[in-house]
Amino acid sequence: MEGLDQRLGELERDGFLLLEGVLTPQESDHVRRRIDHARAQGWEEGLNEVGNMWFDTLLDREPESFAPLVAHPGVRPVLEGMMGPQCQLRSFRAHINPGAYLQEWHMDFYGYWHERRRLHGARLAVPPAGVNTTFYFQDNAPGEGHLKFIKDGHLSEPPHLEPMDRPRFEAWCEAQQHVVLYPKAGDCVVFLSHIPHQGAKERDDMERSNVVCHYQVTPMHEAAWFVSRPRGYLGTFPLART
């Protein structure tokens, strides 16, 4: 990847990185159609109150379609540069937003700051960390859909997490300065799993789907407060095989 050191610096500085055109149009169209197929088959785990339908089993059901997104060549240099062979695929989740969609402000790795505090006095322990890669399959544009991050939201602990007070946490997020991205089909947004973020559709009839690969720097114990369940250990280290 050209300018890799600069891109890694952007990720550390901003907490996120937009990689344009990671997937070819053919790759993007194929995965989009397979997610639509999964919906037609009723493979979703649910549809929540904010309009998000999610699928946790597609990597196991159709590895030929979805495994290429794990450490995809377009993002692999970033994963290697940030985590090296300790990069572990924590979970693989696809989404469809079939109607109105305004995601709650959230962090994928809610327990990031809590786990850092727990390391006090543990001489060999290393801080746990996570990185997400989110692949988009439709164009997001102003007036249609977007992804928002809290500016510098990865650098300090947000309030109202312990104990979790979601209304106050979301109100705090809404009051902060935001950075808005409009990823297009084939783009991938890489971001640190503990930065607060929010996806949305501005047009209810817009087609919108994506796939999120959650990666963690091993070791991270299974009780860490994270948005998704870990897949386990065997075969989940895509960078350790070469």
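## Asn52 and Asn97

In this predicted model, the side chains of Asn52 and Asn97 are joined by a polar contact of 2.8 Å. The two residues stand 45 places apart in sequence, yet from C-alpha to C-alpha they are 5.0 Å apart in space. Asn52 sits in the loop between strand E2 (46-47) and strand E3 (53-55), while Asn97 belongs to the loop that runs between E4 and H6. So the contact links a residue of the E2–E3 loop to a residue of the E4–H6 loop, and both partners are buried: Asn52 has a relative accessible area of 9%, and Asn97 has one of 2%. The cut-off for buried is under 20% relative accessible area.

Who else is around them? Setting aside residues up to four places away in sequence, Asn52 touches Gly46, Leu47, His95, Ile96, Asn97 and Tyr101. With the same neighbours in sequence left out, Asn97 touches Gly51, Asn52, Lys201, Met206 and Arg208. Each asparagine therefore appears among the contacts of the other.

## The largest pocket

Asn52 also leads us to the largest pocket, as it is one of the residues closest to the centre of that pocket. The others closest to the centre are His95, Gln103, His106 and Asp108. The pocket holds about 470 Å³ of space, and 26 residues line it. His95 deserves a second look here, since it is both in contact with Asn52 and among the lining residues closest to the pocket centre.

Which strands supply at least two residues each to this lining? They are strand E4 (87-96), strand E5 (130-136), strand E9 (197-201) and strand E10 (209-217). By residue type, the lining is made up of 9 nonpolar, 11 polar and 6 charged residues.

## The second largest pocket

The next pocket to visit has a volume of about 250 Å³. It is lined by 14 residues, and those closest to its centre are Met82, Tyr112, Ala129, Leu192 and His194. Two helices and a strand each give at least two residues to the lining: helix H5 (76-83), helix H6 (112-118) and E5. Strand E5 thus takes part in the lining of the largest pocket and in that of the second largest pocket.

How do the lining residues of the second largest pocket divide by type? There are 9 nonpolar, 3 polar and 2 charged residues.

## The loop between E6 and H7

Some backbone features are worth finding on the stretch between strand E6 (145-150) and helix H7 (166-175), the loop where Pro163 is placed. Most residues other than glycine have a negative phi, and most peptide bonds are trans. Against that background, the bond joining Glu162 and Pro163 is a cis peptide bond, with omega at about 0°.

Asp152 lies in this loop too. Although it is not a glycine, Asp152 has a positive phi of about 60°. His160 is placed between E6 and H7 as well, and its phi is near 70°, again a positive value in a residue other than glycine. Are these residues buried, exposed or partly exposed? Asp152 counts as partly exposed, at 36% relative accessibility, and His160 is also partly exposed, with a relative accessible area of 23%.

## Two cysteines without a disulfide

How many disulfides does the structure hold? The number is 0. Cys188 is in no disulfide, and the nearest cysteine sulfur, which belongs to Cys213, is 7.8 Å away. Looking from the other side, Cys213 is in no disulfide either, with the sulfur of Cys188 as its nearest cysteine sulfur at 7.8 Å. A disulfide calls for sulfur atoms within 2.5 Å, so this pair, at 7.8 Å, does not qualify.

Both cysteines are buried: Cys188 has a relative accessible area of 0%, and Cys213 has a relative accessible area of 0% as well.

## Gln138 and its contacts

One more buried residue rounds off the tour. Gln138 is found in the loop between E5 and E6, and its relative accessible area is 10%, which means that it counts as buried. Leaving aside neighbours within four places in sequence, Gln138 is in contact with Arg32, Pro183, Lys184, Ala185, Glu207, Arg208 and Ser209. Arg208 is a name we have met already, as Asn97 touches it too.

Technical notes:
Residues numbered from 1 in each chain as written. Predicted model: local features only at pLDDT ≥ 70, side-chain atom pairs only at ≥ 80, totals over all residues. Heavy atoms only, no water. Buried < 20%, exposed > 50% of the residue type's maximum accessible area, 1.4 Å probe, protein only. 1 Å grid on protein atoms, 1.4 Å probe; cavity = no way out; pocket = protein on both sides within 12 Å on 5 of 7 lines; lining within 4 Å. Points joined across faces, edges and corners; volume = space filled by probe spheres on them. Helix = DSSP H or I, 4+ residues; strand = E, 2+ residues; numbered from the N terminus. Nonpolar A, V, L, I, M, F, W, Y, C, P; charged D, E, K, R; others polar. Polar contact = N/O pair within 3.5 Å; in protein donor to acceptor, adjacent residues only side chain to side chain. Contact = heavy atoms within 4.5 Å.
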